[in-house]
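Biologist: Pick a single part of this protein and take me through it closely, in one connected account. Give the cut-offs as you go.

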Amino acid sequence: MGVAKSWRFSLTPAAAKLALLQHQNGYNGGGGGGGGAAKLQSLRSPKTTPFSPRQRKQQQPPATRRWSVVCGLMLFGLGLVSLFTGHVASDLEWWYTQRVANHGLYLKLTGNGREAIDVWKSKYSKFYYGCSERGRHYPPAKKEKASNGYLLIATSGGLNQQRTGITDAVVVARILNATLVVPELDHHSYWKDDSDFVNIFDVEWFMSSLAKDVTIVRRVPEKVMRSMDKPPYTMRVPRKSEPEYYIDQVLPILLRRRVLQLTKFDYRLSSNLDDELQKLRCRVNYHALRFTKSINELGQKLVMRMRQMATRFVAVHLRFEPDMLAFSGCYYGGGDKERYELAEIRKRWATLPDLSPLDERKRGKCPLTPHEVGLMLRALGFTNDTYLYVASGEIYGGEETLRPLRELFPNFYTKEMLANEELKPFLPFSSRLAAVDYIVSDESDVFVTNNNGNMAKILAGRRRYMGHKRTIRPNAKRLSALFMARDQMDWDTFAKKVKSCQRGFMGEPEDMKLGRGEFHEFPYACICEKPSSSIENKDHHTQVVKDSTRKTRNPYNVYSREKALHVSMKRNTGKSERDHENDEVFPD
């Protein structure tokens, strides 16, 4: 309690003056040791006092009575100050440990008082763990016959965008007390992958692991379908709809029609839900959605082959395919050829607005190039002997675009390089290839992205949940200006500025801030603090976490409380989050 001590010591001179005044006015005995003790004993024992209180008051000289009043007021004031400063000191000390001491872990002490981060592992990871257990009073799932009807879900986008839709579909089924039919994957998006749910995910595990939350069936029973007068009602709900919207607008239709289909189901549920529903999201995303045996085995083989070459490696997710660049509206220096090719691809989305490439870059909306990713990693401290696993699809510009990254990191590997023959059955299916990249990226020591698309968000949230494994997301808004000016500074200056830009974007627990990102990226309700007894380095733990006998404060709990207040206020005012229909269509 260093801050508290400083407050206490600041009060010592006042206490000393008070003691001196008491001594001068006869309050510590008045004479020698014996007389003082006798007088003190007489004050403690009313029975031996020869005078009544009124008489004693009359015996005291006026000056003494005045000092009594002054001393009493001073003692009363000191009591109030002590009460106030106790709370202030406690709050200041918590603020210090969370905001100042935390940065002591984040930065290696140098002449200017800052430290270089450990780029391979967060020192905070041992303080937290993923927690998504059902609450004690969590009601069981509605049985199929007792439910309000059957909910059909048609997801949209690439693998990870569909993953968010599947996760939210389970939560919506829970909100509606509906029986969920195994979601239908998107066969008509840019990737043209005709894989079904059973081709990518373990459907039996999905159904059984969520049996206590939602009843899930493979299909609507034939008997129900034959009894319907009309085909299933189809509707599309607005983006990020609140639970109240589903209760007020969707449930009546479900009750009336018995079978209801929700289409293009991606990001159709608000990020702000109560903790029980958020924990359900985590159970779906991090536990129930398990890849099929064939996908998982291949992914683990690639991880093993990377580990055989290096004890630790970095996975880089490069979202630099032609569709991504066209959708972003950014320009990468390819001249008229690039402008024409990306403009042609962009025509596929008629509602996309015209964008200024320079403005988009200044806003941090442009994915980093492979070269920029390599420069960022080298500036952060990764040496050129670091092993890289590059997860990507078709890179715009091909090998010429990748060449600068290969030169910076010669130990450069992809799934095609690690599994040539074994990968052939997966080649026609982009979602299955993306699933293999997902597994290797999840198992890597460090995960790095060049944009903040769906895979980046999903894996960032999962890696937080699984122990805060190092996850680096570029601060593109600040880095873009730095990359454009890199020729105007030496390497040391550039590296120093990159490290400064990346503070708060390195996957530390304290990176969580109110209103920052989607729940899939920051699963605050599913992160718990470990008890101090389970952490070996207790001395270090006490610097960051309060004594175990007191209620702890951690960035996730504070974020959760503030988020709940934010949701309550938003709902009371009747406001609802609505995003443009084009949001998050292609950043997968």
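Modeller: Helices (H or I, at least four residues) and strands (E, at least two) are DSSP runs, numbered from the N terminus. On that basis the protein has 23 helices and twelve strands. The model is predicted: local features need pLDDT of at least 70, side-chain atom pairs count only at pLDDT 80 or more, and totals for chains, interfaces and linings use all residues. Residues are numbered from 1 along each chain as its sequence is written, and side-chain values use heavy atoms, with hydrogens and water left out.

The part I have picked is strand E8, with its sheet and surroundings. Some background first. Of the 588 residues in the protein, 50% are buried (under 20% relative accessible area; exposed is over 50% and partly exposed in between, with a 1.4 Å probe and protein chains only). Among contacts (heavy atoms within 4.5 Å) between residues at least 6 apart in sequence, 79% join residues at least 24 apart.

E8 covers residues 388-392. Its sheet is open and has five strands in the order E9-E8-E7-E10-E11, with parallel pairing (two strands pair if DSSP finds at least two bridges between them). The edges are strand E9 (412-413) and strand E11 (470-472), each of which pairs on one side only.

On one side, E8 runs parallel to strand E7 (residues 314-318), and five bridges join the two. Within that pairing, alanine 315 stands opposite tyrosine 389 of E8. E8 also pairs with E9, again in the parallel sense, over two bridges. There the bridge partner of tyrosine 389 is tyrosine 413 in E9. Tyrosine 389 is therefore placed opposite alanine 315 and bridged to tyrosine 413, and E8 as a whole is largely enclosed by the rest of the structure, because five of its five residues are buried.

In a regular strand the side chains alternate between the two faces of the sheet. In E8, Leu388, Val390 and Ser392 lie on one side, Tyr389 and Ala391 lie on the other, and both faces are covered.

E8 also takes part in an open space. The second largest pocket holds about 600 Å³. A pocket is an open set of points on a 1 Å grid over the protein atoms alone, with protein on both sides within 12 Å along at least five of seven lines; a cavity is a set where a 1.4 Å probe fits but cannot get out, and lining residues have an atom within 4 Å of a point. Grid points are joined across faces, edges and corners, and a volume is the space filled by probe spheres set on the points.

This pocket is lined by 33 residues, and Trp191, Glu321, Ser392, Gly393 and Glu394 lie nearest its centre. Ser392, in that group, is also one of the buried residues of E8. E8 supplies at least two residues of the lining, as do helix H5 (159-176), helix H16 (398-408), helix H17 (415-418) and helix H18 (430-443). H18 gives the largest share, five residues. By type, the lining divides into 14 nonpolar, nine polar and ten charged residues (Ala, Val, Leu, Ile, Met, Phe, Trp, Tyr, Cys and Pro count as nonpolar, Asp, Glu, Lys and Arg as charged, and the others, Gly among them, as polar).

Elsewhere in the sheet, strand E10 (446-449) is followed by a loop leading to helix H19, and asparagine 450 sits in that loop. Asparagine 450 is buried, with a relative accessible area of 1%. Not counting residues up to four places away in sequence, asparagine 450 touches His317, Leu318, Arg319, Phe320, Pro367, Leu368, Val373 and Pro474. Its C-alpha atom is 7.3 Å from that of threonine 369, although the two are 81 residues apart along the chain.

Pro367 leads on to helix H15, where glutamate 372 is found. Leaving aside its neighbours within four places in sequence, glutamate 372 is in contact with Arg361, Pro367 and Phe483. Glutamate 372 is buried, at 11% relative accessible area. Phe483 is one of the buried residues of helix H20 (residues 476-484), along with Ala476, Leu479, Ser480 and Leu482. The buried residues of H20 pack against helix H14 (357-362), helix H15 (370-380) and helix H21 (491-501).
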